[in-house]
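Here is a short set of exercises to work through with the model open beside you. Try each task before reading its solution.

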Amino acid sequence: MKHNLIISPEVESALAANRPVVALESTVIAHGLPRPRNLETARSLERIVRDEGASPATIAVLEGKLCVGLDQNQIERVGNDDDIKKISTRDLAVAVARGWNGATTVASTLWVAHRVGIHVFATGGIGGVHRGPLPDVSADLPELAHTPMIVVCSGAKIVLDLPATREWLETHAVTVVGYGCDEMPAFYARQSGLPVDARCDSPQEVLKLFRTQRDLGIGTALLVTVPVPPAAEVPQALLNKILNESLGDAEQSKINGRDLTPFLLARMAERSEGATLHANIALLENNARVAAQIARELTSL
C-alpha cells in the first residue's frame with residue numbers, strides 16, 4: 001500500500017528509530033467537536049503527546065492518500081472544510097480509489113496505524129452497540145477484535161447501549177483494562193457499573209499485559225479505559241436527563257445511522273450548556289497524555 005500512503009517525516013523518523021508514536025483519529029476534528037474548539041483541541045492533543053516525549057500521528061485521508069501525521073495546514077483543512085467525509089474501514093478503498101478527503105474513525109485509524117507499525121492509539125470514546133431493536137454495531141468493535149494494538153479511551157460513547165457493548169467486547173475476546181479504576185468508564189461519567197477484566201495503575205502494568213497477549217498469539221486489541229478527570233465529570237442525573245431529551249429529539253427529527261451519534265453528542269452539549277463538551281475535551285487530553293506515557297514506556301523496554 002506504499003503508493004497510497006504518506007507518512008510525515010516526524011512520524012517516519014520516530015518509527016524508524018523505535019521512538020514512541022501515538023496515533024490520533026481525525027473524525028473528532030471534522031465531525032466530533034464544534035468549530036473552533038475542534039482545531040484548538042487537535043493542536044492541544046498533539047502538543048500533549050509531544051510534551052510527554054512521543055510523536056503524534058493524526059491520521060486522515062487527503063486527496064485519496066492515507067496520511068499518517070498531519071501538518072498544521074492539513075489539520076486546518078480537516079477541521080474547516082465542509083466536504084470532509086467520515087471514513088470507516090469499509091470506506092477506505094472507495095476513498096483512495098476516488099480521491100476523497102476524509103476523516104478517519106476509530107476503526108479506520110486502527111487499521112491504518114497498525115499497518116504502519118504504530119502500537120498505541122488514543123481516542124475519546126469508542127463506538128459500540130447502538131440503542132434500539134435492530135442489531136446495529138459500530139465497525140469500531142470488530143476492528144478492535146482483530147487489531148493487536150493498545151487503545152486508550154474513556155469507554156464507549158454514552159449515547160450507545162453500554163451493557164450490550166461490554167458484552168460484545170467480552171464475546172469477542174477484547175480485554176478491557178481499567179486504568180486506575182475497577183469498572184469501565186462511561187465517557188462523560190467515571191462509572192458505568194460494568195466490570196473490567198483487569199485493573200492497571202501504571203504504563204508498566206499495561207505493557208506487561210500487552211506483551212503477554214503478543215507472546216500468547218492473541219490478536220485482539222488491549223482496550224485501556226481511563227475515566228474522565230474528576231473535575232470535568234458530568235453528574236449522572238444531568239446526563240440521564242439530557243440524553244433522554246436528545247434521544248427524543250433524534251427520533252422526532254428521524255436522525256439515524258452514522259449521523260445519530262454526532263447529532264446526540266452535539267445536542268447533549270447544547271442541553272448541558274457546554275458541560276459535556278468540556279468533559280469530552282478533558283478526557284481527550286487526558287487520554288492522549290496516558291497513551292503517550294504508555295508509548296514512551298513501550299519503546300524504552
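Helices (H or I, at least four residues) and strands (E, at least two) are DSSP runs, numbered from the N terminus. Keep in mind that this is a predicted model.

**Exercise 1. Locate Gly193 and work out which residue from elsewhere in the sequence can be compared with it in space.**

Solution. Start with the strand numbering: Gly193 sits in the loop between β9 and β10. Next, look at its surroundings: with a relative accessible area of 58%, Gly193 is exposed, because exposed means over 50%. Finally, take the C-alpha distance to Pro163: the two residues are 30 positions apart in sequence and 9.0 Å apart in space.

**Exercise 2. Find the strands that pair with β9, and decide whether β9 is enclosed or open.**

Solution. Begin with β10 (residues 198-200): β9 pairs with this strand in the parallel sense over 3 bridges. Within that pairing, Gly178 stands opposite Arg199. Then turn to β11 (residues 222-225), which is parallel to β9 and joined to it by 4 bridges. Here Val177 has Val224 as its bridge partner. Now check burial: 4 of the 5 residues of β9 (residues 175-179) are buried, so the strand is largely enclosed by the rest of the structure.

**Exercise 3. Describe the setting of His130, first along the chain and then in space.**

Solution. Along the chain, His130 belongs to the loop between β7 (120-122) and α7 (140-145). For its accessibility, the cut-off to apply is under 20% for buried. His130 has 12% relative accessibility, so it counts as buried. In space, leaving out residues up to four places away in sequence, His130 touches Asp136, Ser138, Leu160, Asp161 and Thr261.

**Exercise 4. Pick out backbone features worth a second look at Pro36, Glu63 and Lys254.**

Solution. First, recall the background: most residues other than glycine have a negative phi, and most peptide bonds are trans.

- Arg35 and Pro36 are joined by a cis peptide bond, with omega about 0°. Pro36 is placed in the loop between α2 (27-32) and α3 (37-51).
- Glu63 has a positive phi, near 50°. This residue lies in the loop between β3 (55-62) and β4 (65-68), and Glu63 counts as exposed at 56% relative accessibility.
- Lys254 also has a positive phi, near 55°. Its place is in the loop between α10 (236-253) and α11 (260-271), and Lys254 counts as exposed at 72% relative accessibility.

**Exercise 5. Step back and judge how the whole protein is packed.**

Solution. Count the elements: there are 12 helices and 11 strands. The radius of gyration is 18 Å, close to the 19 Å that the globule rule gives for 301 residues, so the protein is as compact as a globular protein of that length. For the dimensions, the C-alpha trace spans about 50 × 40 × 35 Å along its principal axes. Buried residues make up 54% of the 301 residues. Among contacts with a separation of 6 or more, 73% are between residues 24 or more positions apart.

**Exercise 6. Summarise the surface and the charges of the protein.**

Solution. The exposed area comes to about 12900 Å², and carbon and sulfur atoms supply 51% of it. For charges, tally 29 positive and 35 negative side chains. Then compare the centres of the two sets, which lie 3 Å apart.

Technical notes
Residues are numbered from 1 along each chain as its sequence is written. This is a predicted model: local features need pLDDT of at least 70, side-chain atom pairs count only at pLDDT 80 or more; totals for chains, interfaces and linings use all residues. Side-chain values use heavy atoms; hydrogens and water are left out. Buried means under 20% relative accessible area, exposed over 50%, partly exposed in between (1.4 Å probe, protein chains only). Contact means heavy atoms within 4.5 Å. Two strands pair if DSSP finds at least two bridges between them. The radius of gyration is taken over C-alpha atoms; the globule rule is 2.2 Å times the number of residues to the power 0.38. Accessible areas come from the Shrake-Rupley method with a 1.4 Å probe; for residues, only the protein chains shown count as cover. Lys and Arg count as positive and Asp and Glu as negative; His and the chain ends are not counted. The place of a charge is taken as NZ of Lys, CZ of Arg, CG of Asp or CD of Glu.
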